[in-house]
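Before you build on this entry, I would like to go through the ligand surroundings and a few backbone points with you. Please have the sequence and the coordinates open as you read.

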Amino acid sequence: MTAFAQRVFSGVQPTGNLHLGNYLGAIQRFVELQSRYDCMYCVVDLHAITVWQDPVDLKNNIREVTAAFLAAGIDAGRHIVFNQSRVPEHAELAWVFNCVARMGWLNRMTQFKEKAGKDRENASVGLFAYPALMAADILVYRGTHVPVGDDQKQHLELSRDIAQKFNNDFAASITANGHADGFFPLPEPLITGPATRVMSLRDGSRKMSKSDASDLSRINLSDDADQIATKIRKARTDPEPLPGEVKGLEGRREAENLVGIYAALAAVSAQQVLDEYGGGQFSTFKTALADLCIDKLAPITGEMRRLQADPSHIDKVLASGGERAGVLARETMNAVKDIVGFIR
Ligand code: AMP
Ligand code: TRP
């Protein structure tokens, strides 16, 4: 196996209602990785249209996710920030991967089952094929490390399976075309920290989600201080006081979720949170959590609003990122064409 240059790739869908789960599970970690890796952060608009998007909202949502990246501290000069549809090689490689991936693999994807629900016949073909596009996103840059929330783990495993099968199916052609064995790396998921799965504030058994009908279920990155305070005050809890030890959170999903959010925002462990608040009432803890949340999010949401007021600046960032990404993507796609046997 070749030693691949290390490269981080991740994506966020521009489907509106960017929330605290996106921030803690993904964006905050994107920021941390910048000092150690070359990073590419993509606003995945091709993924978004696997379910219907209003065209006017879609444009705004692409700019909103870009603003969140920048406001959170992603350096679009040193790293690459762009929207997926600008680089046609994503869709091109996805087609090749549609022909590598097996129906049986995609049939097992739980996200498709959840999103398609009971009416599978009416789901778009794109929603079904989505994980092959995700594999293409990463592998068109030969990405090696992929920071995501826990819900994307299965998709990452599928990306590895696709990379492996491509490497096997075309092994002879890969070497005949002068590439080292294992043309594609097997990308590694980076799913770490106390907030890889932030749960709904209304129901500790469901993840915090952009599409939850109840706005009280999530903290949006567009919420102001009053909204954040209200949502945390109304967050569901149980009647027991907070435990003193982490194992006391077992079976208490809502409590565990709020402690996890606090830990992630304060960059401390869940045990450290309980050392401070264990034995106390939820109301005291909730007040502290609301203050912390407002304190951490206000600079980011404020900066997002400022950036969103100037869409032309955001569009320039995306154009520059798209150009730089395109150079890398074309290189891989040309090699793939040679390997597969296309004439170019
Ligand atoms: P999406 O909104 O589906 O495009 O997700 C963008 C990123 O946020 C992905 O890495 C997800 O895994 C992550 N993410 C989404 N929801 C949550 C959540 N409730 N908790 C933690 N991470 C999340
Ligand atoms: N599927 C991811 C999500 O819904 C978004 C995504 C698309 C992604 N392509 C990616 C994440 C590539 C990591 C790498 O959250």
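The numbered points below take up the two ligands and then two backbone angles.

1. Please keep in mind throughout that this is a predicted model, and that the distances and areas quoted here are computed from it.

2. Ligand 1 sits in the largest pocket, and 18 residues surround it, of which Gln13, Gly149, Asp151, Val198 and Lys210 come nearest. By class, its shell is made up of six nonpolar, eight polar and four charged residues, and helix α1, spanning residues 20–33, gives the most to that shell, with four residues.

3. Among the polar contacts of ligand 1, a backbone N or O atom of glutamine 13 is placed 2.9 Å from one of the ligand's oxygen atoms, while a backbone N or O atom of glycine 21 lies 3.2 Å from a nitrogen atom of the ligand. The side chain of asparagine 22 also takes part, with a polar atom 3.1 Å from an oxygen atom of ligand 1. Taken alone, ligand 1 exposes 490 Å², and the protein buries 92% of that area.

4. Ligand 2 likewise sits in the largest pocket, with 13 residues around it, and here Gln13, Tyr130, Met134, Asp137 and Gln152 come nearest. Both β1 (7–12) and α7 (125–139) supply at least two residues of this shell, and α7 gives the most, with four residues. Seven nonpolar, five polar and one charged residues make up the shell around ligand 2.

5. Which side chains place a polar atom 2.7 Å from ligand 2? Tyrosine 130 does so towards an oxygen atom of the ligand, and aspartate 137 towards a nitrogen atom. Glutamine 13 has a polar side-chain atom 3.0 Å from an oxygen atom of ligand 2. Of the 370 Å² that ligand 2 exposes when taken alone, the protein buries 91%.

6. Two backbone angles deserve a look when you check the model. Most residues other than glycine have a negative phi. Arginine 142, however, has a positive phi near 45°; this residue lies in the loop between α7 and β4 (145–147) and counts as partly exposed, at 28% relative accessibility.

7. Alanine 267 is not a glycine either, and its phi is positive at about 55°. Its place is the loop between α11 (253–266) and α12 (270–277), and with a relative accessible area of 70% alanine 267 is exposed, the cut-off for that class being over 50%.

How values were computed: Residues are numbered from 1 along each chain as its sequence is written. Chains are lettered from A and ligands numbered from 1 in the order in which they are written. This is a predicted model: local features need pLDDT of at least 70, side-chain atom pairs count only at pLDDT 80 or more; totals for chains, interfaces and linings use all residues. Side-chain values use heavy atoms; hydrogens and water are left out. A residue is near a molecule or strand if one of its heavy atoms lies within 4 Å of it. A polar contact is a pair of N or O atoms within 3.5 Å; within protein, one must be able to donate a hydrogen and the other to accept it, and residues adjacent in sequence count only if both atoms are side-chain atoms. Accessible areas come from the Shrake-Rupley method with a 1.4 Å probe; for residues, only the protein chains shown count as cover. On a 1 Å grid over the protein atoms alone, a cavity is a set of points where a 1.4 Å probe fits but cannot get out, and a pocket is an open set with protein on both sides within 12 Å along at least five of seven lines; lining residues have an atom within 4 Å of a point. A molecule sits in a cavity or pocket if more than half of its atoms lie within 2 Å of its grid points. Ala, Val, Leu, Ile, Met, Phe, Trp, Tyr, Cys and Pro count as nonpolar, Asp, Glu, Lys and Arg as charged, and the others, Gly among them, as polar. Buried means under 20% relative accessible area, exposed over 50%, partly exposed in between (1.4 Å probe, protein chains only).
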